[in-house]
Each structure stands twice: as structure tokens, then as C-alpha cells.
Amino acid sequence: MFVGKSGAGKHRYARALERALFDAGRSAYMLDGQNVMLGVDSDLWVDAALSELVRRFGEVVHILLNAGLIVVSTTNAIGLADATAVQALIPDSPMLLVDIDPAGSSTQACDLRISGNEPEADVIAKIADLLARRGITAPA
């Protein structure tokens with residue numbers, strides 16, 4: 001899960017990761033929070049409870065994981081603090097959190113923190129290593 005403020009580069013890195021996983025023969029799906037908002041969340045008001053947005057996002061992730069996919073996700077609505085709630089909905093699946101923090105001011109726990117200026121290949125290599133170490137993919 002890529003988290004960070006709007007415009008930080010989440011989508012670019014997430015698409016690059018999805019592409020790298022696909023090129024490596026993995027079944028992956030890039031779930032953008034906007035897709036969820038326009039789909040299963042379309043019945044919610046703009047100011048809907050964040051907890052309901054997180055719950056629905058987590059349920060979609062759960063369905064995709066059960067289908068055997070590696071889910072690469074981005075969202076502006078769900079931040080580092082909400083990732084714990086998503087993880088609770090998928091307790092049997094490991095989750096990696098990548099925080100894109102251009103200001104370098106975030107102090108919340110994550111698996112990888114980047115500024116958003118790093119080359120895609122460098123970030124993907126770091127994430128691939130984390131995925132292998134967590135047993136999500138086989139070591140490269």
C-alpha cells in the first residue's frame with residue numbers, strides 16, 4: 001500500500017510496481033482508491049465516515065487477495081494510521097506500507113519511506129526485496 005499526500009507520486013510508483021510484478025510472472029492488480037470511490041463507495045456521501053471507506057477498501061482488497069492476486073494500492077483517503085484497520089480485515093495476508101513523504105516529516109511506522117524523487121527502478125528493487133523477505137514473492 002502506497003500512502004502519502006496527493007501529488008506525491010503514489011500512482012507512478014504503484015503502476016511501476018504492478019508492471020514489474022507482471023513482468024516477473026506474478027498476478028497483480030493495482031487498486032487505486034479512486035476506483036473504489038467510484039464503484040463500491042459511490043453510494044456514500046463525500047463526508048462519509050472514514051471508517052466505512054476504510055472497511056470497504058479493505059473488503060475489496062480481501063476479495064482480490066482471495067483470488068490469488070498481489071494487490072498494489074494507492075489512496076488519498078487512507079493514510080498510515082488507517083492501514084492498521086485495513087490490515088485487520090486481511091489478517092492472514094502480509095501488507096507492506098510505502099510512505100511517500102516529500103517533506104521528510106512523517107514519524108509513523110512504515111516498511112519503506114521515500115521522498116518521491118527516487119528513480120522508479122530503485123524503489124521497485126527495494127520493494128521487491130521486502131516482498132521476498134516477507135514471503136510474498138520468491139527471492140529474486
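This tour moves from the whole chain to one helix, then to salt bridges and a charge over a ring.

**The whole chain**

Begin with the full cartoon, bearing in mind that this is a predicted model. Five helices and five strands are present, and, followed along the sequence, they come in the order β-α-β-α-α-β-α-β-β-α. If you colour the 140 residues by accessibility, the buried ones make up 40%, while the protein as a whole exposes about 7,700 Å², of which carbon and sulfur atoms supply 55%. Should you display contacts between residues at least 6 apart in sequence, 63% of them join residues that are at least 24 apart.

**Helix α5**

Next, select residues 120-133, which form helix α5. Its 14 residues, at 1.5 Å a residue, should span 20 Å, and the distance between the C-alpha atoms at its two ends is 20 Å, which agrees with that expectation.

Within this selection, show the side chains of Val-123, Ile-124, Ile-127, Leu-130, Leu-131 and Ala-132, which are the buried residues of α5. To see what these buried residues pack against, add strand β1 (2-4), helix α1 (10-23), strand β4 (98-100) and strand β5 (112-114) to the view.

Staying on the helix, pick Asp-129 and Arg-133, whose side chains meet in a salt bridge with an N to O distance of 3.0 Å. Both residues belong to helix α5 and are four residues apart, about one turn of the helix. In general, an α-helix has 3.6 residues a turn, so residues three or four places apart point the same way. Asp-129 is partly exposed, with a relative accessible area of 40%, whereas Arg-133 counts as exposed at 61%.

Then step past the end of the helix to Gly-135, which follows α5 and has a positive phi, near 80 degrees.

**From the segment after α5 to the β4–β5 loop**

Select Arg-134 together with Asp-111, since these two side chains also meet in a salt bridge, at 2.3 Å from N to O. Asp-111 lies in the loop between β4 and β5 and Arg-134 in the segment after α5, so this pair ties together parts that are 23 residues apart in sequence. Asp-111 counts as partly exposed, at 26% relative accessibility, and Arg-134 is likewise partly exposed, with a relative accessible area of 38%.

**Across strands β4 and β5**

Move now to Asp-99 and Arg-113, which form a salt bridge in which the closest N and O atoms are 3.0 Å apart. Because Asp-99 lies in strand β4 and Arg-113 in strand β5, the pair ties together parts that are 14 residues apart in sequence. Which partner is buried, and which is partly exposed? Asp-99 is the buried one, with a relative accessible area of 5%, while Arg-113, at 32% relative accessibility, counts as partly exposed. The structure holds five salt bridges, among them the bridges of Asp-129 with Arg-133, Asp-111 with Arg-134 and Asp-99 with Arg-113.

**A charge over a ring**

For the last stop, select Arg-12 and Tyr-13, and turn the view until the tyrosine ring can be seen from the side. The charged end of Arg-12 sits over the ring of Tyr-13, at 4.2 Å from the centre of that ring. If you go on to look for pairs of aromatic rings, a search of the whole structure finds zero.

Note on methods
Residues are numbered from 1 along each chain as its sequence is written. This is a predicted model: local features need pLDDT of at least 70, side-chain atom pairs count only at pLDDT 80 or more; totals for chains, interfaces and linings use all residues. Side-chain values use heavy atoms; hydrogens and water are left out. The expected span of a helix is 1.5 Å times one less than its number of residues. Buried means under 20% relative accessible area, exposed over 50%, partly exposed in between (1.4 Å probe, protein chains only). Contact means heavy atoms within 4.5 Å. Accessible areas come from the Shrake-Rupley method with a 1.4 Å probe; for residues, only the protein chains shown count as cover. A salt bridge is a side-chain nitrogen of Lys or Arg within 4 Å of a carboxyl oxygen of Asp or Glu. Rings of Phe, Tyr and Trp (its six-membered ring) pair if their centres lie within 6.5 Å; planes under 30 degrees apart count as stacked, over 60 as edge-to-face and the rest as tilted. A charge sits over a ring if NZ of Lys or CZ of Arg is within 6 Å of the ring centre and within 35 degrees of the ring normal.
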